[in-house]
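Let's take a walk through this model, one stop at a time. Keep the sequence and the 3D view side by side as you read.

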Amino acid sequence: MNLKGQTALITGAGRGIGKTIAAKFAKLGSDLAIVDMNPISNNVLREIEQNGTKCLSYQLDVTDVDEVDSVVKKIIDETGGIHILVNNAGITQDNLFMRMKPEQWLQVIDVNLNGVFHVTKAVIRTMVKQHSGRIVNISSVVGFSGNPGQVNYSSTKSGLIGFTKSLSREVGTRGITVNAVAPGFINTSMTQALNENQQQAILSQIPLGRMGEAEDIANAVAFLTSDEASYITGTVLHVNGGMY
Ligand code: NAP
């Protein structure tokens, strides 16, 4: 796989899966624009740039539509276009449904769904003009299986599948593919927040007997953005060790 000559925008790329996707893309030769809620550390930037790729970084809350428009415009002005968009930023606010507060519902919807709407809306025009583009949305196994305590989160992750499939039908003739990757349980701060019992319960459901690593997701995302995947759109790649 080779992503030379491409510019990729990755949201939530300061740590975890997003950071690992950025590092993978850099190894494959893509230039990068990475954005995150908090400023991206120099260490992360150095790690990415050691591959010789150009990397712009911006502090960006994906729920802020004006900021999204302004940052995407800056990136396009600077790079000439965006060829790949990875909608990775996501949060959890877990609680059993009976106890879930409206703010917990709304915040998760705002970041995980509205954020994807805002960023994709800001980027899609440039992809249409280019007659090419790759969009990958990061969903989750729990968007398919459901998970107690995650009615809000799993609703957004299922919602992303409808978004992916519908948008793929709208923009296919413009040379743009839209796919989703649905990770299982991946070793990041999101899952490190689970207690030992919860982690053991999850492990017992994974036929491959281990949690996934962020690299497992980065490899799948890279494939979907590569030329090798040019005839794949509107689909979901499950990367979950067989748990679903
Ligand atoms: P993570 O370690 O918690 O990282 C999430 C990233 O998103 C952070 O860099 C965070 O920024 C950023 N972010 C949060 N809210 C944002 C906002 N409003 N605007 C911009 N950036 C924002 O999580 P992860 O495990 O890498 O998850 C990445 C994606 O994979 C998420 O969509 C998640 O739902 C999905 N996923 C993860 C797993 C898993 O097991 N880890 C499984 C399935 C799906 P700050 O660092 O600045 O807070």
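In which loop does Ser 226 lie? Ser 226 sits in the loop between helix H9 and strand S7 (236-239). One thing to keep in mind as we go: this is a predicted model. Loop or not, Ser 226 counts as buried, because its relative accessibility is 0%, under the 20% cut-off. Leaving aside neighbours within four places in sequence, Ser 226 is in contact with Met 1, Leu 3 and Arg 134.

From there, step back into H9 and on to the nonpolar core. The largest such core has 31 residues, and H9 (214-225) is among the elements that each supply at least two of them. The others are strand S1 (7-11), H1, strand S2 (31-36), H2, strand S4 (84-87) and strand S5 (133-138). H9 gives the most, with 7 residues. If you want to colour the residues with the most contacts inside this core, pick Ile 10, Ile 21, Phe 25, Leu 32, Ile 34, Val 181 and Val 221.

Val 181 is a good one to zoom in on. Beyond its neighbours within four places in sequence, Val 181 is in contact with Ile 217, Ala 220, Val 221 and Leu 224, and also with Val 136, Asn 137, Ile 138, Ser 139 and Ser 140. Leu 237 and Val 239 complete the list. Apart from this core lies another, of 25 residues, among them Ala 33, Val 62, Val 123 and Ile 124.

Ser 139, one of the contacts of Val 181, deserves a stop too. Ser 139 lies in the loop between S5 and helix H5 (142-145). With a relative accessible area of 2%, Ser 139 is buried. Its side chain has a polar atom 2.9 Å from the backbone oxygen of Lys 157. Not counting neighbours within four places in sequence, Ser 139 also touches Phe 144, Leu 160, Ile 161, Val 181, Ala 182 and Pro 183.

Now for the two helices H1 and H2. H1 (residues 16-27) and H2 (residues 42-49) pack with their axes 8 Å apart, at an angle of about 25 degrees. That angle is under 35 degrees, so H1 is roughly parallel to H2. On the H1 side, the residues that meet H2 are Lys 19, Ala 22, Ala 23 and Ala 26; on the H2 side they are Val 44, Glu 47 and Ile 48. By class, this contact has 5 nonpolar and 2 charged residues, and no polar ones.

Just past H2, the loop leading to strand S3 (55-59) holds Gly 52. Gly 52 is exposed, at 68% relative accessibility. Gly 52 and Lys 101 are 49 residues apart in sequence, and their C-alpha atoms are 46 Å apart in space.

The loop between helix H4 (102-130) and S5 is where to look for His 131. What is the sign of phi at His 131? The phi of His 131 is positive, about 60 degrees, although His 131 is not a glycine. Most residues other than glycine have a negative phi. His 131 is exposed, with a relative accessible area of 57%.

Last stop: Val 151, in helix H6 (residues 151-171). Val 151 is partly exposed, with a relative accessible area of 31%. Setting aside residues up to four places away in sequence, Val 151 touches Phe 97, Met 100 and Trp 105. Arg 134 is 17 residues from Val 151 along the chain, and 29 Å separates their C-alpha atoms.

How values were computed:
Residues numbered from 1 in each chain as written. Predicted model: local features only at pLDDT ≥ 70, side-chain atom pairs only at ≥ 80, totals over all residues. Heavy atoms only, no water. Axes fitted to C-alpha atoms, helices over the stretch in contact; angles between N-to-C directions. Helix = DSSP H or I, 4+ residues; strand = E, 2+ residues; numbered from the N terminus. Parallel < 35°, antiparallel > 145°, perpendicular 65-115°, else oblique. Contact = heavy atoms within 4.5 Å. Nonpolar A, V, L, I, M, F, W, Y, C, P; charged D, E, K, R; others polar. Buried < 20%, exposed > 50% of the residue type's maximum accessible area, 1.4 Å probe, protein only. Core = buried A, V, L, I, M, F, W, Y, C linked by side-chain atoms within 4.5 Å. Polar contact = N/O pair within 3.5 Å; in protein donor to acceptor, adjacent residues only side chain to side chain.
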